Amino acid sequence: MNNTLTLSRRSFLKVTSLAGGGLMLGFHATAAGDLLTDAAELFEPNAYVKISAEGVITILAPNPELGQGVRTTLPMIVAEELDVDWNTIAIEQTPLNTKLYERQVAGGSGAVRSSWDSFRKGGAAARQMLLEAAAKKWNVNVSECRTDKGFVLHPGSGKKASYGELASTAATLEIPKEIKLKDPADYKIIGTRQRSVDNKGIITGKAKYGFDIKREGMLYAMLARPTFGKKLKSFDDKAARAVIGVKNVVQHGSSIAVLATSTWAAKKGRDALKIEWEDEAPLESTSDYTHAFAKMIQQRSDAPKRNDGDVDQAFAGAAKILETTFEAPFLPHAPMEPMCYFADVRDDAADLFGPSQTPARTRSDVARAIGLAEDKITVGMSHQGGGFGRRLQADYSVEAAMVSKLAKAPVLVLWTREDDMQGGFYRPAGLYKYRAAISANKELIGWHMNAAATNTGNAARENSFPAGAVPNFRVDSHNHQSKITVGAWRAPNHNFIAYTEESFIDEIAHELGKDPVAFRLELLERARKNPTGSVGYDVDKYIGVVKLAAEMGNWGKQGVNGIYKGFGAHYSFGTYVAQVADVSVIGNKIKVHKIYAAVDCGRVINPLGAEKQLEGGIIDGLGHALYGELTFDKGVVNQKNFNSYKMIRIQDTPDIEVRFIQSDAHPQGLGEPGLPPTGAAVANAIFAATGKRLKKQPFDLRVDIG
Amino acid sequence: MASFTLNINNRNYTIEADPRMPLLWAIRDLVGLTGTKFGCGIAQCGACTIHLNGNPVRSCSLPVSAAANQKITTIEGLSEDNSHPVQQAWIQEQVPQCGYCQSGQIMAAAALISRIPNPTDKDIDAAMQGLICRCGTYTRIRKAIKTAASLSTTKASNQ
């Protein structure tokens, strides 16, 4: 393995002297060349590593943290290459800085897999400069020096200096042209179980979330917003303004904001608005879009997403055809902290602060809305009460900025749970039809998926397994346009498609009289030895997790003590996950006892954090398969709060056992891949227990669809 | 508007508030203690759980007037140095992910183990089913409650 990276012309490394004589090092791997002009600036407050002359070593954490653990994981990577004692360093969340950091995004399970090299280089470059500073100071050859936990040592002379003592000298040195990374065999931090750096703040109530923001002169704001298909006709704010504590009422588009000195006054004022709405589009109810989907999947699309072989011929010659349709409801993200955002927009500058999965998009969308240049806008990141994709949108931050601009005051816009449930950007509703052609000699020879979903350019995942393993394979996708807005929701498309694909594979296996795990392995072997078209997954890794999960879950033994097993596997965000679910069914009651998960995500940075992401993903997948459903009546959500929108709770939570395949490969995603296989594993176990195939989420055994 | 004295974490705060203002907003906006969280506003998620005279209560659904002159404990007052067995167990088992619901979970768990020093799984289900964790930390919550129970038993036997 070559651990030396040469800086390309487009790379950008910068060193900054700190006040009081310290070193700050920033690294940007993909920026345009013009950023090089910034290298001469002093006191730029953002980087990966900050070392003060007093010896305080700070690792900066640039990515938005919403529970996925990046504020711990990414600094671990820097600390490893810097060679410091993990227990002695400080960690600091940075604000948005697109000049220094390449991807301040929480989405696509992408923080570690896209920034692995940058973070390693940031730490390694700083270490190299500290080594050179020591060599210069001691007048010895740098190759004779080594580092150990925050010190540079020269074993020949017995000299030793802390990073703090060397920081000011290091800051005067040239940036190394070649950065040598550690041999992974020498890792002391990466691969070890490290506790979250945020937990102390959380368990004492000191961690500050978006709802907790308080600034001088700030007003709390709540808004009345139109439901889907409506717009504002007129409003009367007399009663709202009469509420004690209400300071202002402003109109932003079709929404009306009430600003007050407390959350309660803002809510009372908002609820006291007299508003007349009018229709601007047909008002959609659940039966409208489900009927639209049903019509769409009778047709083929003009441009199939994938079309291997000839499905028509395969189905014409089939000895048996299986057909199944799966139905997905809309799902709200429902993070525990509803949407909220702080904005202080002035004539010449603006400060934004709060939870966001994409502060860069927040800044550019706000800049456009309020008519200020991006460099006049600061964006800070608070703790975030979950996101699940909802905070990839900038609707709520743009709204806060507009309210601040219109009211000429710093504001914290807060959403109630009801506002949040009606607030849109949901996981799309959809309908997914599958057909399988079985030959006379019991081979799967044809596969046709036909999907329709709301406001989605591609409702399918056409290269997902078993694509590549079936000689005639076609995927069609249809888009139903709607006023109901959709967006990324943890493991977009994968979150439902894995359930449909893996349920259908189970159904085919049973039809063929084959063991579902053996059948998957047979298809995977086919994808390796005799692939059709491109194969969008690594067959060996796929087989690795399928076999490990089967072993962990004692696959093959059905009905022992009333427990039935189901299998599900899926590849997403670079990571392979296979799961076995242990389920019992008494009457109509589904009880999930345990989920076993085998995971190949490449190198695991923090096994403790990685386990937690898998546990969370599995509970998320299970909870929504059992309970999640958002329906509409004329553009208005029927489930307005947690009394009618059911979520998984502690008494429904199974035991979970997670194992990771040992790997030295490039680290991959973990925030999302745990979720997709769970619904299928549980549905397949329910089939094993009852003979009923569940074709709709949330699962309902009272509906006889077997 | 009326004047109320709230005894929170053994300290008195005098506030002016609409008597119907939920205690949650009085604690957060008027007193300035933001560890207690808003999640649903209708006592369905438990993020706002505090102790009122030692009992777990959803502060989002209790008018401030009903809490005046009673003993209120919030997450900030659970211990002075993170030493409450539930806080220690939460660290030991590394429960939180996003952390937003955890103040409520910790307050509910603390009330549970003060009432039932060694809770069974059924006791835990009964005491904790009113709380939602969207990140899915439930398996660790269950484990941490058992850890907290054993930590507090050890503590008690050492005294």
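The following paragraphs lead the reader through a predicted model of two protein chains, A and B.

Residues are numbered from 1 along each chain as its sequence is written, and chains are lettered from A and ligands numbered from 1 in the order in which they are written. In this predicted model local features need pLDDT of at least 70, side-chain atom pairs count only at pLDDT 80 or more, totals for chains, interfaces and linings use all residues, and side-chain values use heavy atoms, with hydrogens and water left out.

Chain A contains 16 helices and 30 strands; helices (H or I, at least four residues) and strands (E, at least two) are DSSP runs, numbered from the N terminus. The C-alpha trace of chain A extends over about 80 × 75 × 50 Å along its principal axes. The radius of gyration of chain A is 28 Å, which agrees with the value near 27 Å for a compact globule of 706 residues; this radius is taken over C-alpha atoms, and the globule rule is 2.2 Å times the number of residues to the power 0.38. Of the 706 residues in chain A, 62% are buried, where buried means under 20% relative accessible area, exposed over 50%, and partly exposed in between (1.4 Å probe, protein chains only). Of the contacts in chain A between residues at least 6 apart in sequence, 76% join residues at least 24 apart; contact means heavy atoms within 4.5 Å.

Helix H13 of chain A, residues 516-529, offers a closer view. At 1.5 Å a residue, its 14 residues should span 20 Å, and the end C-alpha atoms are indeed 20 Å apart; the expected span is 1.5 Å times one less than the number of residues. Among the buried residues of H13(A) are A:Phe519, A:Leu523 and A:Leu524, as well as A:Arg520 and A:Arg526. The buried residues of this helix pack against strands S23 (444-454) and S25 (564-572) and against helices H12 (494-512), H14 (539-552) and H16 (676-690) of chain A.

Strand S23 also leads to A:Thr456, which is found in the loop between S23 and strand S24 (472-480) of chain A. A:Thr456 is buried, with a relative accessible area of 10%. Leaving aside residues up to four places away in sequence, A:Thr456 touches A:Pro428, A:His478, A:Asn479, A:Val486 and A:Asn493. A:Thr456 and A:Gly487 are 31 residues apart along the chain, and their C-alpha atoms are separated by 8.8 Å.

Chain B comprises six helices and five strands, in the sequence pattern β-β-α-β-β-α-β-α-α-α-α. Its radius of gyration is 15 Å, close to the 15 Å that the globule rule gives for 159 residues, so chain B is as compact as a globular protein of that length. The C-alpha atoms of chain B fill a box of roughly 45 × 35 × 25 Å along the principal axes. Buried residues account for 60% of the 159 residues in chain B.

Two residues show contacts between the chains. A:Thr263 lies in helix H6 (residues 263-271) of chain A and is buried, with a relative accessible area of 1%. Not counting residues up to four places away in sequence, A:Thr263 touches A:Tyr220, A:Met222 and A:Leu414, together with B:Trp25 and B:Asp29. On the side of chain B, B:Gly35 occupies the loop between helix H1 (23-31) and strand S3 (49-52). B:Gly35 is buried, with a relative accessible area of 0%. Apart from neighbours within four places in sequence, B:Gly35 is in contact with A:Gly205, B:Ile75, B:Glu76 and B:Ser103.
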